[in-house]
Amino acid sequence: MDRLDNTIRPYAWGSPTAIPQLLGSEPTGEPQAEMWMGAHPGAPSRTPRGTLAEVVEADPERELGARAVARFGPRLPFLLKLLAAGAPLSLQVHPDLEQARAGYADEERRGVPVDAPHRNYKDANHKPELICALTEFDGLCGFRAPVQAAGLLDGLGVDSLKPYVDLLHAHPEDAALREVLTAILTADPEEMAHTVAEATAACTRLGGAYAPYAGIAHHYPGDPGVIAAMLLNHVRLQPGEALYLGAGIPHAYLDGLGVEIMANSDNVLRCGLTPKHVDVPELLRIVRFEPSDPGVLRPEASPEGEEVYETPTDEFRLSRYVLPEGGAARDLTRDTPQILLCTAGAVRAGEHALGPGQSVFVPAGEQAEISGAGTIFRATVVV
């Protein structure tokens, strides 16, 4: 079992205080957006034996277990993060596995450099993800019913939004959503900036259900993503609640601290709220234009005290243990790789004492006993 030394990524949307507060460290004054735990080549965790990527590469079967290697290949298939949003992330979708493989192969064949700003597919993998709130956490997830989105837009009293309102009342619903999103993303930039300014003023004045969009517009003035965001469900998670984001589901995180786990991929297609490249034709091919309930997840408890966040994804499995003072030790030994992250209290994982924000990697088959009083998140795979 190896203690992990993890990299914190300073993305501009990150909170300058949330991760330092969890870690008990002094803020630097700079945004601290994500702490990465895993073997992703962009920022692999460090161990006494080298980076976790080097450790896995040296002996995949020993570290990951034979079943995980047979199922996912010789790599850790998930990336675990602490995510601290102080401003909205870009409105985005992720491809499914078939789309990712085809898109990656096409861009490779066309010779698009992997670091080119207009490149869509950095790898050939899909990127399902799960976010579990540690604090109150705001996000956008999936399309509202078109008639609900129409009511929200109509309530702003902005004349230039009326064509979108009319389109949203059309049938079928998937075609209505596709037409409106296409119109928003292909509108004349100057005209759209004026529409967004009018909508922002109305959102600020009206408050209530419009308040989240006023906040988004504050960070992204004039961005068409402000209007696109109003097509989506607004969700406020309470600590311990989670959202699962499958392929093609438009989403954005707005504010809060959470534990995030995802398949080990960088594939993102952006819809707005970003200065980065937006490939509208490819985006429209990937988005699933169907109204959906955000599907807030609550953990399912087992008799052993493990609280599991059930998802349809095999590349990761996230659960947590809330250990009471004086409770019995729990044996977490598995024949698959694990990362254990403490988010509260003081716990022991094997010989390692862990406080909030500290983590360990447990190779497949390695004895893993936890004890103490606090909360441990457990990341592994399903095989």
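**Exercise 1. The cavity**

The largest cavity holds about 40 Å³ of space. Describe this cavity in the predicted model: state how many cavities of 30 Å³ or more a search of the whole structure finds, and sort the lining of the largest cavity into nonpolar, polar and charged residues.

Solution.
Step 1. Count. Searching the whole structure gives 1 cavity of 30 Å³ or more.
Step 2. List the lining. The residues around the largest cavity are Leu91, Phe143, Leu181, Ala228, Leu231, Leu232, Pro250 and Cys271.
Step 3. Sort them. The lining has 8 nonpolar residues, with no polar and no charged ones.

**Exercise 2. The two pockets**

Give the space in the largest pocket and in the second largest pocket, and find which strand gives the most to the lining of the largest pocket.

Solution.
Step 1. Start with the largest pocket, which has about 930 Å³ of space. It is lined by 42 residues, and the closest to its centre are Trp13, Ser90, Val268, Arg270 and Lys276.
Step 2. Look for the strands involved. At least two lining residues of the largest pocket come from each of β3 (34-37), β6 (78-85), β12 (251-263) and β13 (269-272). The strand that gives the most is β12, with 5 residues.
Step 3. Sort the lining of the largest pocket by type: 20 residues are nonpolar, 9 are polar and 13 are charged.
Step 4. Turn to the second largest pocket, with about 280 Å³ of space. Its lining has 15 residues, and Ala39, His40, Pro41, Arg75 and Asn264 are the closest to its centre.
Step 5. Sort the lining of the second largest pocket: 6 residues are nonpolar, 4 are polar and 5 are charged.

**Exercise 3. The chain as a whole**

State how many helices and strands the chain has, and decide whether the chain is as compact as a globular protein of its length.

Solution.
Step 1. Count the elements. The chain contains 12 helices and 21 strands.
Step 2. Compare the radius of gyration with the globule rule. The chain has a radius of gyration of 22 Å and the rule gives 21 Å for 383 residues; the two values are close, so the chain is as compact as a globular protein of that length.
Step 3. Add the extent. The C-alpha trace spans about 65 × 50 × 40 Å along its principal axes.
Step 4. Consider burial and surface. Of the 383 residues, 55% are buried. The accessible surface is about 15800 Å², and carbon and sulfur atoms account for 51% of that area.
Step 5. Consider the contacts. Taking contacts between residues at least 6 apart in sequence, 75% are between residues at least 24 apart.

**Exercise 4. Three residues: buried or exposed?**

Classify Glu107, Asp115 and Cys132 as buried or exposed. A residue is buried under 20% relative accessible area and exposed over 50%.

Solution.
Step 1. Place Glu107. This residue is part of helix α5 (residues 97-109). Its relative accessible area is 3%, so Glu107 is buried. Apart from neighbours within four places in sequence, its contacts are Val112, His118, Arg119, Asn120 and Tyr121.
Step 2. Place Asp115. The loop between α5 and β8 (129-133) holds this residue. Asp115 has a relative accessible area of 66%, so it is exposed. Its C-alpha atom is 21 Å from that of Ile8, which is 107 residues away along the chain.
Step 3. Place Cys132. This residue belongs to strand β8. Cys132 is buried because its relative accessible area is 0%.
Step 4. Check sequence distance against distance in space for Cys132. Leu243 is 111 residues away in sequence, yet the C-alpha atoms of Cys132 and Leu243 are 6.7 Å apart. Beyond neighbours within four places, the contacts of Cys132 include Gly240, Glu241, Ala242 and Phe377.

**Exercise 5. Backbone exceptions**

Where is the cis peptide bond between His171 and Pro172, and where is Leu273, a residue with positive phi?

Solution.
Step 1. Recall the usual case. Most residues other than glycine have a negative phi, and most peptide bonds are trans.
Step 2. Examine the peptide bond. The bond joining His171 and Pro172 is cis, with omega about 0 degrees. Pro172 sits in the loop between α7 (162-168) and α8 (173-186).
Step 3. Examine Leu273. Its phi is positive, near 60 degrees, and it is not a glycine. Leu273 lies in the loop between β13 and α12 (280-286).
Step 4. Classify Leu273. Its relative accessibility is 1%, so Leu273 counts as buried.

Notes:
Residues are numbered from 1 along each chain as its sequence is written. This is a predicted model: local features need pLDDT of at least 70, side-chain atom pairs count only at pLDDT 80 or more; totals for chains, interfaces and linings use all residues. Side-chain values use heavy atoms; hydrogens and water are left out. On a 1 Å grid over the protein atoms alone, a cavity is a set of points where a 1.4 Å probe fits but cannot get out, and a pocket is an open set with protein on both sides within 12 Å along at least five of seven lines; lining residues have an atom within 4 Å of a point. Grid points are joined across faces, edges and corners, and a volume is the space filled by probe spheres set on the points. Helices (H or I, at least four residues) and strands (E, at least two) are DSSP runs, numbered from the N terminus. Ala, Val, Leu, Ile, Met, Phe, Trp, Tyr, Cys and Pro count as nonpolar, Asp, Glu, Lys and Arg as charged, and the others, Gly among them, as polar. The radius of gyration is taken over C-alpha atoms; the globule rule is 2.2 Å times the number of residues to the power 0.38. Buried means under 20% relative accessible area, exposed over 50%, partly exposed in between (1.4 Å probe, protein chains only). Contact means heavy atoms within 4.5 Å. Accessible areas come from the Shrake-Rupley method with a 1.4 Å probe; for residues, only the protein chains shown count as cover.
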